[in-house]
Every structure is written in structure tokens, then in C-alpha cells.
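Trainee: I have a new structure to go through today. Could we discuss it together, starting with the charged pairs?
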Amino acid sequence: MTLDELVAQLRAAYGEALRSVVLYGSAAAGGAEHVAKRSDFNVLIIVNEVPLGRLRELSAVTRAWRDAGNHPPMTFTDSEWRASSDVFPMEYADILERNKVLYGNPRLMESRSTGTTCGCRWSAKLWESCFGCVAACYWLAMIQASRSSS
């Protein structure tokens, strides 16, 4: 199954509930980071809601994607995605740093300006109250430093 086929099947299965399908990680970054036939495709799905009446269809799409040799996509509702920076800050930062929107609203992956001294991508409220934001900012700084030194 190709990425285009995955997106088409997700659109059919989720219908209007589908907000965005995002490729992230080495495949989105391109270049030498992604090795064809050896690197995997990391996919994030953002939805308004999970339509319970379509779980069978959704399961079939995920199974076909997995049977094609890929990891199952991560699926979040829009509110879960926006609240997840403190749950897994390094992955969240990587997704924001290296992504390609395959379907939907690219603004979901844009940087969020805060005016913090570190150039944090999260809201000022999160910056003040969330350790995950601090860890994610540190992770982004490490990624950027390693890229500038190579």
C-alpha cells in the first residue's frame, strides 16, 4: 500500500471526521535520513472524532497498512493532539520538526509563536506550566545543533 492509497482509504473510512494525515520522521525529512525499503513510514492521523460506526472500516485500513510492512499510524483527536506535548515531548517535537502534510490542514503542524526566549513552539500557558514543553524545546535544540554541525 502506498501513502496515496492510505490517504484515500482513510478519507473514505473517516469521512468528514478526518482533519489531517501527516507523514513524519525520516521519510518526511527526505535526503539521506530515509533509506528506501529499510526506513519505515511514520504516519499521524488527526480527526475531529473517532466515528464508532466505522471502526470495522478503520481497522481494515490499519490492518492493510500494517500488512504492507508499516507501523500502525498514530491516531489522535484534534484536542488529544494539541494536549499531547507533555505526554511524549520528544516525539511531538520530532513530528513538528520533520513533517509533510499528506491531507488536510497544514496549519496543524505549524510552529506556534510564544515570545519565549527559547523560541518555543507551544503556547505561553504550556511553557509556564508544562515540563513537556521544556523537554520538547531541549529536544528541538539538540536536533538543530546536530544538523548545523554536520
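Mentor: Let us begin with a term: a salt bridge is a side-chain nitrogen of Lys or Arg within 4 Å of a carboxyl oxygen of Asp or Glu. Please also keep in mind that this is a predicted model.

Trainee: How many salt bridges does a search of the whole structure find?
Mentor: The search finds four. One of them joins the side chains of D94 and R98, with 2.8 Å from N to O.

Trainee: Are D94 and R98 buried or exposed?
Mentor: D94 has a relative accessible area of 15%, and residues under 20% count as buried, so D94 is buried. R98 is also at 15% relative accessibility and counts as buried.

Trainee: Which residues are joined into one network by salt bridges that share partners?
Mentor: R19, D78 and R82 form that network. D78 pairs with R19, their closest N and O atoms being 3.1 Å apart. D78 also pairs with R82, and there the closest N and O atoms are 3.3 Å apart.

Trainee: Where do R82 and D78 lie?
Mentor: Both are in helix α4, four residues apart, which is about one turn of the helix. The D78 and R19 pair, by contrast, links distant parts of the chain: D78 is in helix α4 (residues 78-82) and R19 in strand β1, 59 residues apart.

Trainee: And how is the accessibility of this trio?
Mentor: D78 is buried, with a relative accessible area of 16%. R19 is partly exposed at 22%, and R82 is partly exposed at 38%.

Trainee: What about E80?
Mentor: E80 lies in helix α4 as well. At 43% relative accessibility, E80 counts as partly exposed. Its C-alpha atom is 8.9 Å from that of I46, and the two residues are 34 apart along the chain.

Trainee: I46 brings me to the strands. Is strand β2 mostly covered or mostly open?
Mentor: Strand β2 (residues 42-47) is mostly covered, since six of its six residues are buried. Both faces are covered: N42, L44 and I46 are buried on one side, and V43, I45 and V47 are buried on the other.

Trainee: Which strands pair with β2, and in what sense?
Mentor: Strand β1 (residues 18-24) runs antiparallel to β2, and six bridges join them. Within that pairing, L23 stands opposite V43. Strand β3 (residues 74-77) pairs with β2 in the parallel sense over four bridges. There, I46 has F76 as its bridge partner.

Trainee: How does the chain cross from β2 to β3?
Mentor: The chain passes through helix α3 (residues 55-67), and this β-α-β crossover is right-handed.

Trainee: What can you tell me about T62?
Mentor: T62 is found in helix α3. At 27% relative accessibility, T62 counts as partly exposed. Apart from neighbours within four places in sequence, T62 is in contact with P72 and P73. T62 and Q9 are 53 residues apart in sequence, and their C-alpha atoms are 9.5 Å apart.

Trainee: Let us change topic. Which residues of the largest nonpolar core touch the most other members?
Mentor: This core has 17 residues, and those touching the most other members are L10, Y14, L18, V43 and I45. The elements giving two or more residues to this core are α1 (3-14), β1, α2 (26-29), β2 and α3. Helix α1 gives the most, with six residues.

Trainee: What is Y14 in contact with?
Mentor: Leaving aside neighbours within four places in sequence, Y14 is in contact with I45, V47, E49, P51, R54, L58 and T75. There is also a second, separate core of eleven residues, which includes L44, F76, W81 and Y92.

Trainee: Finally, where is confidence lowest and where is it highest?
Mentor: Confidence is lowest in helix α6 (residues 124-129), at a mean of 44, and highest in α1, at 95. Over residues 111-131 the pLDDT is below 50, although this stretch has 36 contacts in the model beyond near neighbours in sequence. For the protein chain, the mean pLDDT is 76, and 66% of its residues reach 70 or more.

Trainee: How should I treat the coordinates where pLDDT is low?
Mentor: Predicted coordinates should not be read in detail where pLDDT is low.

Terms used. Residues are numbered from 1 along each chain as its sequence is written. This is a predicted model: local features need pLDDT of at least 70, side-chain atom pairs count only at pLDDT 80 or more; totals for chains, interfaces and linings use all residues. Side-chain values use heavy atoms; hydrogens and water are left out. Buried means under 20% relative accessible area, exposed over 50%, partly exposed in between (1.4 Å probe, protein chains only). Two strands pair if DSSP finds at least two bridges between them. A crossover is right-handed if, with the strands pointing away from the viewer, the path from the first strand over the helix to the second runs clockwise. A nonpolar core is a set of buried Ala, Val, Leu, Ile, Met, Phe, Trp, Tyr and Cys residues joined through side-chain atoms within 4.5 Å. Contact means heavy atoms within 4.5 Å. pLDDT is the predictor's confidence in each residue, from 0 to 100.
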